[in-house]
Every structure is written in structure tokens, then in C-alpha cells.
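Colleague: Please take a close look at one loop of this model and tell me, step by step, where its residues sit and what they are joined to. I would like one connected account that I can follow with the structure open beside me.

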Amino acid sequence: MKHSRRNGFTLVELLIVIAIIGIIAAIAYPSYRSSVIKSDRSDAKVALQRAAQALERCYAEGHNYKATPTATPPGNCPVFPQQSPNQYYTISLPSVTTVSYTIEAVPSADSPQQDDSDCTWFKLDNTGLQTASSSDCW
């Protein structure tokens, strides 16, 4: 008996390829998502540095950090809370005196950074001290 050869793929071959692609995707996606979350932490760092620079300009003009939370700040003084450049973090000023401050960044509501369980907050103070919820966030 002579077997005829048909061109194309069988349904079993297609299902095997789809299963392999599904397994690869299931392994790769969590790693990809973790990398994206880590790279988006830079949004908090940039926002904290910008806020610190604005606070230092304000202090240079008025010799006082405490005037910054007011609704109508004088000169270059920033108003808090504010959003980070990509809107992933909310920047606040939880601690301020006339001669010192601490700025904090936490993930904004409905931000993809809400899934970052390692780095849930970042802080920067007037001395340049950088702290975070985990030691490897900065």
C-alpha cells in the first residue's frame, strides 16, 4: 500500500505548539512584569530628587522649609502632595520643620506600582539620606 503525503499540520501538532507557547509565556511573563516594576521605581526617585531641589530653592529664598505646605507658596516653593512624572507615585511631605524635611513617595492609587511588594515607600531628607521599605530599593 502506498501512503500519500499531505502538506500542512495536523491538529495534534498545532495543539502541541500552542501548549509550548503557553508554557513559555507562563514562565516569561512574571519575570517581565518584575523587571517593569523595578524599572518604574525610577519614577519615585526622580520625583523625590526634583522635590528636594525645589525645597532647597525655597529654603535659599526664605531660609525656611516649613512654609512649603501652604496653598499659595512664595517663590519656588512646591505644593504637596504632588504626583511623580509618570503618575506612578504620590509625593508628600510628612515631616517638615523650619530647618529640615523628609519627603516620601508611595504608589498612587490604581498605579501599576501597587504590585511592588518589595518597595512600598521611598523617603529622602534634607541631608540627602535615602531610605526605603527594603534595602535594595535605591
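**The loop and its surroundings**

Modeller: Let me begin with a point of comparison outside the loop: arginine 50 is exposed, because its relative accessible area of 52% is over the 50% cut-off. Arginine 50 belongs to helix H2, which covers residues 42–62, and its C-alpha lies 9.9 Å from that of proline 85, although the two are 35 residues apart in sequence. Please keep in mind throughout that this is a predicted model, and that every value I give is computed from it.

The loop I would look at closely is the one between strand E3 (101–107) and strand E4 (122–125), and serine 108 is one of its residues. Is serine 108 buried or exposed? Serine 108 is buried, because its relative accessible area is 5%, which falls under the 20% limit. Leaving aside residues up to four places away in sequence, serine 108 touches Gln83, Gln87, Tyr88, Tyr89, Thr90 and Gln114. Several of these neighbours reappear when we come to the strands.

Further along the loop come the charged residues. The structure holds 2 salt bridges, and one of them joins aspartate 116 to arginine 41, with the closest N and O atoms 2.8 Å apart. Aspartate 116 sits in the loop between E3 and E4, while arginine 41 sits in the loop between helix H1 (11–40) and H2, so this pair ties together parts that are 75 residues apart in sequence. Both partners are shielded by the protein: aspartate 116 is buried, with a relative accessible area of 4%, and arginine 41 also counts as buried, at 6%.

Aspartate 118 meets arginine 41 as well, in a salt bridge with an N to O distance of 4.0 Å. This pair again links distant parts of the chain, 77 residues apart, with aspartate 118 in the loop between E3 and E4 and arginine 41 in the loop between H1 and H2. Aspartate 118, however, is partly exposed, because its relative accessible area of 45% lies between the two cut-offs of 20% and 50%. Taken together, Arg41, Asp116 and Asp118 are linked in a network of salt bridges.

The loop also takes part in a disulfide, and the structure holds 1 of these. A disulfide is a covalent bond between the sulfur atoms of two cysteines. Here the partners are cysteine 119 and cysteine 137, whose sulfur atoms are 1.8 Å apart. Cysteine 119 lies in the loop between E3 and E4 and cysteine 137 in the segment after strand E5 (130–132), so the disulfide ties together parts that are 18 residues apart in sequence. The torsion about the S-S bond is about -100 degrees, so this disulfide is left-handed. Cysteine 119 is buried at a relative accessible area of 0%, and cysteine 137 counts as buried at 2%.

It remains to place the loop within the sheet. Strands of a sheet pair through backbone hydrogen bonds, either parallel or antiparallel. In this model an open sheet of 5 strands has the order E1-E2-E3-E4-E5, and the pairing is antiparallel. Its edge strands are E1 (82–83) and E5, each of which pairs on one side only.

On one side of the loop, E3 is joined to E2 by 6 bridges, the two strands running antiparallel, and a hairpin connects E2 to E3 through 4 residues. Proline 107 in E3 is the bridge partner of tyrosine 89, and Tyr89 is among the contacts of serine 108. E1 and E2 (residues 89–96) pair in the antiparallel sense over 2 bridges, with glutamine 83 standing opposite threonine 90 in E2; Gln83 and Thr90 also touch serine 108. The hairpin formed by E1 and E2 has 5 residues between the strands, and glutamine 87 in its turn has a positive phi of about 65 degrees. Gln87, too, is one of the residues that serine 108 touches.

On the other side of the loop, E4 pairs with E5 in the antiparallel sense over 3 bridges, and lysine 123 has threonine 131 in E5 as its bridge partner.

How values were computed. Residues numbered from 1 in each chain as written. Predicted model: local features only at pLDDT ≥ 70, side-chain atom pairs only at ≥ 80, totals over all residues. Heavy atoms only, no water. Buried < 20%, exposed > 50% of the residue type's maximum accessible area, 1.4 Å probe, protein only. Contact = heavy atoms within 4.5 Å. Salt bridge = Lys/Arg side-chain N within 4 Å of Asp/Glu carboxyl O. Disulfide = S-S within 2.5 Å. Pairing = 2+ DSSP bridges.
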